[in-house]
Amino acid sequence: MSNYGTNNHSHRDEENQALLNGQPVVVVEETTFFGRTFHHVHHHRKRYFLLWLLAAVSAISIVLGLYHFHKNQNHGGEGGDLMMNGKKDHICESDRSYPIAILLSIFFGYVGIDRFYLGYIISSLLKLATAGGLGIWYIIDIILIVIGALPDHNGCSLIH
């Protein structure tokens, strides 16, 4: 015979009685490492989110600043690689698609599929191991692909 649900009434009655009397119910805190960690992260979740947001904004600012610095550096001076004999240099085009790279980066970028698609095998494995650099690398790659600063592994621009 099953005694399902027969012995639990006394424990429920104590909890209900404590709630009816206005007394707080004492919850025993976890003593395991994961329990303490969960409690700590849950208690400080706003601080961790703000710290992650600050790191993401800082990383994005640095990447965009370096991109614009590099772009302006190449276009200044004696023409750089932009003009040669009055004609625009030929820039190679990749066999990989720009829209597909954006979609892969948005939906599967946290596991490095976008970098696999572009041919960056080592960095894609690192991105996979770190879950998109804890989300920061994921966001940076989306921005780099959207602004066209991330070519394929040969340095060729993606096909629009």
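## Contacts along the chain

Among the contacts in this chain that join residues at least 6 apart in sequence, 57% link residues at least 24 apart. The model in which these contacts are counted is a predicted one, and every value in this report was computed from it.

## Secondary structure and surface

The chain comes to eight helices and four strands. Read along the sequence, these elements follow the pattern α-α-α-β-β-β-α-α-α-α-α-β, so that three helices come before three strands, and five helices are then followed by a strand at the end of the pattern.

Of the 160 residues of the chain, 21% count as buried. The accessible surface of the chain comes to about 12200 Å², and 65% of this surface belongs to carbon and sulfur atoms.

## Spans annotated in UniProt

An unreviewed UniProt entry carries the annotation "transmembrane region" for residues 48-69, 97-113 and 125-150. In the predicted model, the span of residues 97-113 is 71% helix and 6% strand, and its end C-alpha atoms lie 14 Å apart. The span of residues 125-150 is 81% helix and 0% strand, with its end C-alpha atoms 17 Å apart.

## The largest nonpolar core

Which residues touch the most other members of the largest nonpolar core? This core has 13 residues, and those that touch the most other members are A101, L118, I136, I140, I145, L150 and L158. The elements that give two or more residues to the core are helix 3 (45-75), helix 4 (98-108) and helix 8 (136-147), and helix 8 gives the most, with four residues.

L118, one of these core residues, can be followed further through its contacts. When residues up to four places away in sequence are not counted, L118 touches R96, A101, I145, L150, P151, D152, H153 and L158. Among these contacts of L118, the residues A101, I145, L150 and L158 are also listed with those that touch the most other members of the core.

## Aromatic pairs

The structure holds three aromatic pairs. One of them is formed by F33 and F34, whose ring centres are 5.5 Å apart and whose planes stand at 70°, an edge-to-face arrangement. F33 has a relative accessible area of 51%, so F33 is exposed, and F34 is likewise exposed, with a relative accessible area of 66%.

A further pair joins Y110 and Y138, whose ring centres lie 6.3 Å apart; because their planes stand at 70°, this pair is edge-to-face. Y110 lies in the loop between helix 4 and helix 5 (113-118), whereas Y138 lies in helix 8, so the pair ties together parts that are 28 residues apart in sequence. Y110 is partly exposed, with a relative accessible area of 42%.

## The surroundings of R115

Is R115 buried or exposed? R115, which is found in helix 5, has a relative accessible area of 10%; because buried means under 20%, R115 counts as buried. The charged end of R115 sits over the ring of Y120, 5.3 Å from the centre of that ring.

Leaving aside neighbours within four places in sequence, R115 is in contact with Y120, S123, S124, K127, W137, D141 and L150. R115 and L150 are 35 residues apart in sequence, while their C-alpha atoms are 9.6 Å apart in space. L150 therefore appears in two parts of this picture, since L150 belongs to the largest nonpolar core and is also in contact with R115.

How values were computed. Residues numbered from 1 in each chain as written. Predicted model: local features only at pLDDT ≥ 70, side-chain atom pairs only at ≥ 80, totals over all residues. Heavy atoms only, no water. Core = buried A, V, L, I, M, F, W, Y, C linked by side-chain atoms within 4.5 Å. Buried < 20%, exposed > 50% of the residue type's maximum accessible area, 1.4 Å probe, protein only. Contact = heavy atoms within 4.5 Å. Areas by Shrake-Rupley, 256 points an atom, 1.4 Å probe, with all protein chains shown as cover. UniProt positions renumbered as here; feature names shortened; annotations may be inferred. Phe/Tyr/Trp six-rings, centres within 6.5 Å; stacked < 30°, edge-to-face > 60°. Lys NZ or Arg CZ within 6 Å of the ring centre and 35° of its normal.
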